[in-house]
There are 2 protein chains.
Amino acid sequence: MFRLSTYRMSLHCLQVPRLVGMKESARELLAKNLRELRQEKGWSQDELAARSGLHRTYIGTVERAEQSITVDSMEKLATALNVKVSRLLEE
Amino acid sequence: MFRLSTYRMSLHCLQVPRLVGMKESARELLAKNLRELRQEKGWSQDELAARSGLHRTYIGTVERAEQSITVDSMEKLATALNVKVSRLLEE
C-alpha cells in the first residue's frame, strides 16, 4: 500500500541537506524575492504580468526557478515592482 | 567632403541627452560593473572566460551591453569574480 505520510517524510529528509548545506542558486534567490515582492503588493501573477509586459506563465516559471530569466526581463519586473533591479538578487 | 571632426561632434551631441537625462538600463549597468570588476582583478576577457566557463566573445558582448545575459550566466561570472550576484547590478 502506498502511504502518503511516508512519502512526504522521505521527501522532507531528501530536502534537508539542500536546505542546510547548499547555497541557494541565483535563480532560486530571484524566484523567492520575486514571489515575496509580488505578494507584498498583493498582486497575482496575472497582475504582475499585466504591469511588466511579461507573460503570466513565464512569471510562474521564474517564480518556480524553472527558467533562467534575462537581465532585460528582470528590469521589466523591477520597474513594475518599483524596486532597483539589484533588489531581485539580494540575499 | 566627409569631415570626421563634425561627425564626432554630432555623435557627441546625440549622446548628451542619454548621458544626462536617461536612466542607465540594467543591461548597461551590468556591462559597466562587469568590466570594472574584471579590470580590478587585472584579468583579460580571456582570463574571465576561463574562470567562469563562459566564452570570451560572449563576455565581450555582455560588456558592450549587446546581449541580455541570463541569471545563470550572471551567477557564473559572480562566482568567478568572488562577488555576490547582486553586486553585478548595483548602481
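1. Let's start where the two chains touch through their helices. In this predicted model, A26(A), R27(A) and L30(A) of α2(A) meet V71(B), D72(B), M74(B) and E75(B) of α5(B). Sorted by class, that contact has 4 nonpolar and 3 charged residues, with no polar ones.

2. On the geometry of that pair: two packed helices are described by the angle between their axes and the distance between the axes. Here, helix α2 of chain A covers residues 26-40 and helix α5 of chain B covers residues 71-81. Their axes come within 8 Å and cross at roughly 125 degrees. Angles from 65 to 115 degrees would count as roughly perpendicular and those over 145 as roughly antiparallel, so α2(A) is oblique to α5(B).

3. Now the whole contact between the chains. How many residues does each chain put in? Chain B gives 17 residues and chain A gives 17 residues. On the side of chain B that touches chain A, α2 (26-40) and α5 each supply at least two residues. Which element has the largest share of that side? That would be α5(B), with 4 residues. By class, the side of chain B that touches chain A divides into 7 nonpolar, 4 polar and 6 charged residues.

4. Do the copies meet through the same surface or through different ones? They meet through the same surface, because 100% of the interface residues of chain B are also interface residues in chain A.

5. A word on symmetry. Two copies of a chain are related by a rotation about an axis and a shift along it. For this pair, a turn of 180 degrees and a shift of 0.0 Å along the axis lay chain B on chain A, with an RMSD of 0.0 Å. That is the relation of a two-fold axis. If you want to find the axis on screen, look for T70(B): its C-alpha is the one in chain B nearest the axis, 2.0 Å from it.

6. Finally, chain A taken alone. What is its secondary structure made of? Chain A has 5 helices and 0 strands, and from the N terminus on its elements run α-α-α-α-α. Of its 91 residues, 26% count as buried, where buried means that 20 or more other C-beta atoms lie within 10 Å of the residue's own. As for contacts in chain A with a separation of 6 or more, 55% of them come from residues 24 or more positions apart.

Notes:
Residues numbered from 1 in each chain as written. Chains lettered and ligands numbered in written order. Predicted model: local features only at pLDDT ≥ 70, side-chain atom pairs only at ≥ 80, totals over all residues. Axes fitted to C-alpha atoms, helices over the stretch in contact; angles between N-to-C directions. Parallel < 35°, antiparallel > 145°, perpendicular 65-115°, else oblique. Contact = placed C-beta atoms within 7 Å. Nonpolar A, V, L, I, M, F, W, Y, C, P; charged D, E, K, R; others polar. Buried ≥ 20, exposed ≤ 12 C-beta atoms within 10 Å, placed from the backbone. Least-squares fit on C-alpha atoms with pLDDT ≥ 70 in both.
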